[in-house]
Amino acid sequence: MYKESIGIIGGFGGYATLGFFQRLLEVFATGKERDYPHIYMDNNFTMPSRTRALLFMEDYEIVVHCIADSLRKMYQGGVEHIILVCGTAHAFLDDVFEIVPETKDRVLNIIDILGEKMSELDVEEALVIGAEGVLKTCLYSKKLSKYGIKVIEPNSEYYEEIRYFIEMVKQNNFSKEGIGRFVRFIENFGTRNIILGCTEFPQLVKEIPSLDLSPESKHILDRLVFYDPLEAVLEELKRILI
């Protein structure tokens, strides 16, 4: 029986949140259902676009207050460990903590946790693929520089392609052609280490084994190492709670 509880703040992408919840259950799976930690989930699907808020300041304050409201509910419910299932959402946290400073110590920052893991593995350079807001604000490069990691960020000519991959997951619409396109996209950057900087991407990567890809795509994938911030935070939760 676990004394500490876990909170999942989603609504940033329904299937990404659902995928994380499933992975969380698998991490803490035991022979008895009652042995799982107490898990809270708050999905606010009405929240405006985080990417547009970062790029154009469109509804920026609304996004900040939506995240703050979710954190406040978790805090008032006594949740000890809170995860935001969205890399982009972390760009708002400094402003969010101005509103709910009491929640700061309870949020597990998925980017910092990933940085610690990659540093332990002596990773020096990696490509980050994420939403435009993540890339234009250099969220990962700023955060991971303090762990000695150089981050390669796709420039604006690749944004439309990245949106296509994110929408594949949001629509739960995977295909051999789409995954092949994803693999060729990554090959453009000539790097082995890939950070899945948008929480839709772990869901996309998870679908790869189920598809009959071309030998060329399989050869490319065999050379790649994917780093998933949500996997890193799951490992951290295991360390804390188990």
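## How H1 packs against H12

In this predicted model, helix H1 (residues 14-27) packs against helix H12 (residues 229-241) at an angle of about 35°, and the two axes are 11 Å apart. The crossing of H1 past H12 is right-handed. On the H1 side, the residues that meet H12 are Phe20, Arg23, Leu24 and Val27. Their partners in H12 are Leu230, Glu231, Val233, Leu234, Leu237 and Lys238. Sorted by type, the residues of this contact come out as seven nonpolar, three charged and no polar.

Arg23 and Glu231 are worth a second look. Both take part in the contact between the two helices, and together with Asp228 they are linked in a network of salt bridges.

## Salt bridges along the chain

Twelve salt bridges turn up in a search of the whole structure. One of them, if you would like to start within a single helix, joins Arg72 and Asp69, with the closest N and O atoms 2.8 Å apart. Where do Arg72 and Asp69 sit relative to each other in helix H3? They are three residues apart in H3 (residues 60-76), so about one helical turn separates them. As a rule, an α-helix has 3.6 residues a turn, so residues three or four places apart point the same way. Arg72 is partly exposed at 26% relative accessibility, and Asp69 is partly exposed too, at 35%.

A second salt bridge brings together the side chains of Glu125 and Lys150, at 3.8 Å from N to O. This pair links distant parts of the chain, with Glu125 in strand E4 (residues 125-129) and Lys150 in strand E5 (residues 150-152), 25 residues apart. Glu125 is partly exposed, with a relative accessible area of 32%, while Lys150 counts as exposed because its relative accessible area is 53% and the cut-off for exposed is over 50%.

A third example is the salt bridge between Glu161 and Arg181, at 2.8 Å from N to O. Glu161 belongs to helix H8 (residues 159-170) and Arg181 to helix H9 (residues 176-187), so this pair ties together parts that lie 20 residues apart in sequence. Glu161 is partly exposed at 22% relative accessibility, and Arg181 is partly exposed at 29%.

## Helix H5 and what covers it

Which residues of helix H5 (residues 110-120) are buried? They are Ile110, Ile111, Asp112, Ile113, Leu114, Gly115 and Met118. The elements covering these buried residues include E3, E4, helix H7 (139-145), strand E6 (193-196), strand E7 (225-227) and H12. H12 therefore appears twice in this report, because it packs against H1 and also helps to cover the buried residues of H5.

Both ends of H5 have a detail to look at. At its start, a side-chain oxygen of Asn109 comes to within 3.0 Å of the backbone nitrogen of Ile111. After the helix comes Asp122, which has a positive phi near 60°.

## Two buried residues: Thr88 and Val205

Thr88 is found in the loop between strand E3 (81-84) and helix H4 (93-99). Is Thr88 buried or exposed? Thr88 is buried, with a relative accessible area of 5%. Apart from neighbours within four places in sequence, Thr88 is in contact with Arg50, Thr51, Leu54, Ala131 and Val134.

Val205 has its place in helix H10 (residues 201-207). With a relative accessible area of 18%, Val205 counts as buried, because the cut-off is under 20%. Not counting residues up to four places away in sequence, Val205 touches Phe182, Leu196 and Phe226. From Val205 to Leu18 there are 187 residues in sequence and 15 Å in space, C-alpha to C-alpha.

## Positive phi in two loops

Most residues other than glycine have a negative phi. Met57 is not a glycine, yet its phi is positive, near 60°. Met57 lies in the loop between helix H2 (50-56) and H3, and it is exposed, with a relative accessible area of 54%.

Cys138 also has a positive phi, about 55°, although it is not a glycine. You will find Cys138 in the loop between helix H6 (132-136) and H7. At 26% relative accessibility, Cys138 is partly exposed.

Technical notes. Residues numbered from 1 in each chain as written. Predicted model: local features only at pLDDT ≥ 70, side-chain atom pairs only at ≥ 80, totals over all residues. Heavy atoms only, no water. Axes fitted to C-alpha atoms, helices over the stretch in contact; angles between N-to-C directions. Helix = DSSP H or I, 4+ residues; strand = E, 2+ residues; numbered from the N terminus. Left-handed = near helix turned anticlockwise from the far one by under 90°. Contact = heavy atoms within 4.5 Å. Nonpolar A, V, L, I, M, F, W, Y, C, P; charged D, E, K, R; others polar. Buried < 20%, exposed > 50% of the residue type's maximum accessible area, 1.4 Å probe, protein only. Salt bridge = Lys/Arg side-chain N within 4 Å of Asp/Glu carboxyl O. Polar contact = N/O pair within 3.5 Å; in protein donor to acceptor, adjacent residues only side chain to side chain.
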